[in-house]
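Welcome! Here is a short guided tour to read alongside the sequence and the 3D view.

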Amino acid sequence: MAHDDTTAGRLPNQKDLLLCLFQRGAADGLNSLVPYGDNHYYDHRSVIALPPPGDADGTIDLDGFFALHPSLEPLKSLYDIGQLALVHATGMPHESRSHFDAQDLVEHGVISKPLPATGWLGRHLALSPPETDSAFRVLSISGNVPASLQGASAPLAISNLDDFGFDQDIIDAGYPDVLRNLYHQQVPFASSAVAALSALDELQAANLPSILPENGAIYPNGELGYKLQQAGQLIKSNLPVEVIFVDSGNWDHHESLPNNILRSLAELAAALRAFHTDMGNRMQNITLFVMTEFGRRVAENASAGTDHGSGSLAYALGGGVNGGQVVSDWPGLATPSLLMGEDLAITIDMRTLLSELLIKRLGGTDVSQVFPGFTGPTSANLFLSRS
Amino acid sequence: MKPSAEEFFSSVKSRREFIKLLAKGLGYSALAASLPGCGGGGGGDSGPDDADKVIPRASTAYRLLKRTGFGVRRDELTLVESLGIDSYIEQQLDYQQVDDGGLESDLQALFPLVYQTAAQLYAGFPDNVGSVVRQMIAAAQYRQIFSRRQLFEVMVEFWTDHFNIDLLNGLCHALKPVDDLQVIRAHALGNFRDLLHGSAKSPAMLFYLDNFYNLAAAPNENYARELLELHTLGVDGGYTEDDVKEVARCFTGWSIHLPAISPGEFGLFNYIDAYHDQGSKLVLGQTIAAGGGEQDGLEVLDMLARHPATARNLATKLCRRFISDDPQAATVDRVADAFLTSNGDIKTTLRALFSSEAFRNSADLKITRPSEYLAGLVRALAPATGYPTDNGQLFFYAQSILGQLPYNWSTPDGYPDLQSYWLNTGSMLNRWRLSFLSFASVLQGQGIDVIQVDYGPMLEGANTLASVTDALIDAILMRPMSALDREAVLTWLSGEFGINDNTPLSAEAAEQIAPLVAAVLISSAYFQLR
């Protein structure tokens with residue numbers, strides 16, 4: 001159904017809108033945010049290491065120890081204004097080095113199997129009742145619903161909001177009505193079908209194509225930029241969306257990492273920067289969180305790439321982020337400090353970050369139900385409390 | 001070293017954009033932007049147990065065909081009804097004896113690149129990449145729609161997912177066609193051990209999972225890990241990280257002839273002893289003696305092919321394909337036992353599955369995957385159609401937006417086989433939109449006359465809204481519709497046309513109404529279930 005007054009949207013003082021971005025394939029945190037202050041970094045990565053800040057194409061210093069990959073330059077000003085924080089040596093403490101297993105674990109919010117039937121965000125959404133009956137409460141901008149959202153009531157998955165709809169002659173022929181009647185209660189797939197029909201109505205009323213980027217924001221070409229642009233349109237449309245999930249691919253760089261990660265990072269940085277610009281003051285009520293399934297091995301391999309590892313990097317962006325800092329309890333890269341002698345140890349549990357996010361920015365959901373078995377801590381000083 | 005993405009796709013920014021370019025080239029520019037991405041997991045929906053209550057059960061023959069083929073054809077339904085379930089299954093298992101008419105020669109004429117060697121395909125690089133991709137996809141769809149060896153094609157798709165190789169990964173466009181013919185299709189209903197050995201030596205797999213530069217001095221674990229996790233034991237199959245490393249050592253030196261070094265032999269398996277780790281290894285508690293050379297890898301493959309965890313992993317996946325997402329343990333055990341006692345004979349394994357109570361007495365437990373939906377739509381609506389006059393463009397587009405283009409899943413786990421992945425709001429909408437294939441005006445505007453649906457024989461003289469609807473339920477759904485749902489269709493039709501259920505219609509009017517009814521039937525849960 002249409003929302004024709006702006007107050008029907010999200011209530012700005014109760015919860016942030018969360019945009020969760022998942023880097024599929026295990027992004028290399030050590031070459032994204034370089035611990036140039038740890039000399040062992042250069043011992044392990046003689047071919048692919050990035051030079052310390054100061055060189056012509058060098059990394060961008062943040063705090064005298066960590067420096068950004070040059071392709072992440074667009075994020076530096078967001079760090080400087082205190083809206084971006086990075087968390088290093090974080091992740092989910094388990095031993096799996098399988099992409100599929102590790103994605104399952106982090107998305108389901110646990111560190112061992114069996115997997116619960118629902119995902120961490122799905123449980124959060126199920127525990128906090130919706131403010132409206134809109135179909136647009138939770139959306140994945142993709143062809144399929146990610147595991148993180150399982151458990152939410154009828155999560156939407158739409159790969160292209162601009163193209164989600166029927167031609168007018170199909171609507172005129174009464175198809176949506178007969179479909180609604182055929183997918184009545186208890187028919188298999190009814191909840192997906194009814195949600196699709198409701199979403200069609202709401203989207204038609206919202207007229208997203210008429211909503212343009214603001215403040216001079218220019219989204220980069222490519223899939224990620226397009227997805228974040230659509231997220232921006234949706235947020236500005238006043239549809240009462242609470243959670244948007246976006247995937248980013250191409251992070252599994254077993255070979256030629258320096259070349260391959262350059263493009264991926266540049267696309268990520270440009271897309272985040274454009275989104276931040278487009279949202280303007282709305283960022284006071286938006287948190288964007290970037291995660292990946294695990295980090296990559298500290299030592300480079302023979303193909304100028306890196307294999308599967310453990311600890312990695314997370315990003316938090318928004319007005320409610322305690323930004324301008326790298327949050328880290330750096331475990332060190334000397335071989336004896338490495339997990340199983342080869343991986344960056346996890347010193348901040350990803351669930352600590354997500355618990356803090358839930359408590360301080362997303363309405364205070366009971367984290368023990370969102371992350372069963374997790375005993376804390378539930379803060380890493382990454383977020384500010386909503387006033 | 002492995003050629004970088006830049007070297008091979010200098011004109012192409014990413015694989016997704018590449019597919020979009022293809023779609024645009026095919027004339028679907030307005031639609032090309034809607035290609036779905038790859039996610040994981042999925043949302044829940046009402047459970048299968050509800051189905052029997054509101055959706056009347058289909059016939060035994062229908063239930064068999066819906067799950068062992070790409071949708072039900074009327075003439076095959078008649079065949080199963082006359083042969084009986086068991087004889088039909090035996091006929092399908094003995095697939096080489098199933099007459100496929102001129103299918104193979106049609107394929108060779110339509111899609112010649114599918115039959116070329118890696119060296120031939122490499123010689124045409126890079127101009128031929130788009131053509132290879134289109135022809136591989138079209139050939140797979142063609143077989144799924146038109147082949148009479150339906151169970152064989154279902155198993156080809158199963159193993160294609162199980163031993164997934166992304167056609168757009170580096171050199172794979174040149175290497176995968178041979179893998180498809182000589183590994184997957186050669187052994188799809190043969191013996192798993194042969195299939196596994198074939199895959200392990202398949203240049204496409206050696207390239208895709210990086211084993212071609214797995215060297216004694218610098219082991220690459222990628223293939224070893226997926227061999228254990230995906231191809232054989234399964235992620236919970238009891239192996240350790242050390243096993244992964246030791247298996248990687250066993251496969252050091254398993255490489256391919258590279259184009260820069262030996263262009264004529266490009267794409268052939270090449271074991272290079274100098275790169276093999278000659279030391280002894282310990283795999284799953286068993287010692288592999290030093291100096292084994294190529295034999296190390298072969299020994300590992302044999303060990304894995306007969307391992308109980310492999311049997312369990314494969315049995316679970318087969319039950320998931322043919323029965324439900326959460327098959328009963330007893331059924332999985334039965335199938336796994338058949339696998340083990342037959343030393344990996346795929347036909348014997350399938351017989352155990354198809355004769356199980358769980359298979360015989362169930363149906364409608366999950367949603368069709370897009371390939372079944374798309375092929376099933378053609379097979380139900382236009383069984384006698386020829387290859388589409390648009391040269392496969394529409395099918396390519398359809399599979400793009402439904403998210404299951406053959407050979408186009410980027411990660412080694414293959415397309416998911418869980419309803420939670422395929423069922424969601426976006427996928428429902430896309431299925432509905434494609435059901436309007438039968439509602440021709442949508443597509444005529446684009447000048448595409450894809451499939452000729454002949455409603456005359458389906459209607460058999462039906463001359464009221466009620467009799468048209470009943471005739472099409474019988475012809476297209478081939479299963480009973482509940483009185484409530486039939487009434488919903490009739491109420492809509494009456495309202496739309498301003499006449500009663502039983503107002504007489506001319507034959508011409510009946511044929512004009514038929515496509516609208518067909519689109520609704522195909523959009524309904526009755527058609528989406530498998």
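The crossing of H10(B) and H22(B) is right-handed, and that pair of helices is a good place to begin. Please keep in mind that this is a predicted model. The tour starts with chain B and its helices, then turns to the strands of chain A.

**Chain B as a whole**

- Chain B has 31 helices and 4 strands in its secondary structure.
- Of the 530 residues in chain B, 56% are buried.
- Take the contacts in chain B between residues at least 6 apart in sequence: 72% of them join residues at least 24 apart.

**Two helices that cross in chain B**

- Two packed helices are described by the angle between their axes and the distance between those axes.
- Helix H10 of chain B covers residues 129–146, and helix H22 of chain B covers residues 370–381. Their axes come within 9 Å and cross at roughly 55°.
- Because of that angle, H10(B) counts as oblique to H22(B).
- On the H10(B) side, the residues that meet H22(B) are Gln141(B), Gln144(B) and Ile145(B). On the H22(B) side they are Ser371(B), Ala375(B), Val378(B) and Arg379(B).
- Sorted by class, this contact between H10(B) and H22(B) has 3 nonpolar, 3 polar and 1 charged residues.

**A closer look at Ala336(B)**

- Look for Ala336(B) in helix H19 of chain B, which spans residues 329–341.
- Is Ala336(B) buried or exposed? Ala336(B) is buried, because 23 other C-beta atoms lie within 10 Å, and the cut-off for buried is 20 or more.
- Setting aside neighbours within four places in sequence, Ala336(B) is in contact with Ala311(B), Arg312(B) and Ala315(B).
- Thr368(B) lies 32 residues from Ala336(B) in sequence, and the two are 25 Å apart in space, C-alpha to C-alpha.

**An enclosed helix, H23(B)**

- Helix H23 of chain B runs over residues 393–402, and 10 of its 10 residues are buried, so this helix is largely enclosed by the rest of the structure.
- Among the buried residues of H23(B) are Leu394(B), Phe395(B), Phe396(B), Tyr397(B), Ile401(B) and Leu402(B). Gln393(B), Gln399(B) and Ser400(B) are also buried.
- Gly403(B) follows H23(B) and has a positive phi, near 90°.

**An enclosed strand in chain A, S10(A)**

- Strands of a sheet pair through backbone hydrogen bonds, either parallel or antiparallel.
- Why can strand S10 of chain A be called largely enclosed by the rest of the structure? In this strand, residues 312–318, 7 of the 7 residues are buried, so the rest of the structure largely encloses it.
- Strand S5 of chain A (residues 84–91) pairs with S10(A) in the antiparallel sense, over 6 bridges. In this part of the model, Ala85(A) stands opposite Ala316(A) of S10(A).
- Strand S9 of chain A (residues 286–292) also runs antiparallel to S10(A), joined by 4 bridges. Here Val290(A) has Tyr315(A) in S10(A) as its bridge partner.

**An open sheet in chain A**

- Chain A has an open sheet of 3 strands in the order S2-S4-S3, with antiparallel pairing.
- Strand S2 (33–34) and strand S3 (60–61) stand at the edges with a single partner strand each, so one side of each has no neighbour in the sheet.
- S2(A) pairs with strand S4 of chain A (residues 67–68) in the antiparallel sense over 2 bridges. One residue pair to look for is Leu33(A) with its bridge partner Leu68(A) in S4(A).

Terms used:
Residues are numbered from 1 along each chain as its sequence is written. Chains are lettered from A and ligands numbered from 1 in the order in which they are written. This is a predicted model: local features need pLDDT of at least 70, side-chain atom pairs count only at pLDDT 80 or more; totals for chains, interfaces and linings use all residues. Axes are lines fitted to C-alpha atoms, for helices over the stretch in contact, and angles run from 0 to 180 degrees between N-to-C directions. Angles under 35 degrees count as roughly parallel, over 145 as roughly antiparallel, 65 to 115 as roughly perpendicular and the rest as oblique. A crossing is left-handed if the near helix is turned anticlockwise from the far one by less than a right angle, and right-handed if clockwise. Two residues are in contact if their C-beta atoms, placed from the backbone, lie within 7 Å. Ala, Val, Leu, Ile, Met, Phe, Trp, Tyr, Cys and Pro count as nonpolar, Asp, Glu, Lys and Arg as charged, and the others, Gly among them, as polar. A residue is buried if 20 or more other C-beta atoms lie within 10 Å of its own, exposed if 12 or fewer, and partly exposed in between; C-beta atoms are placed from the backbone. Two strands pair if DSSP finds at least two bridges between them.
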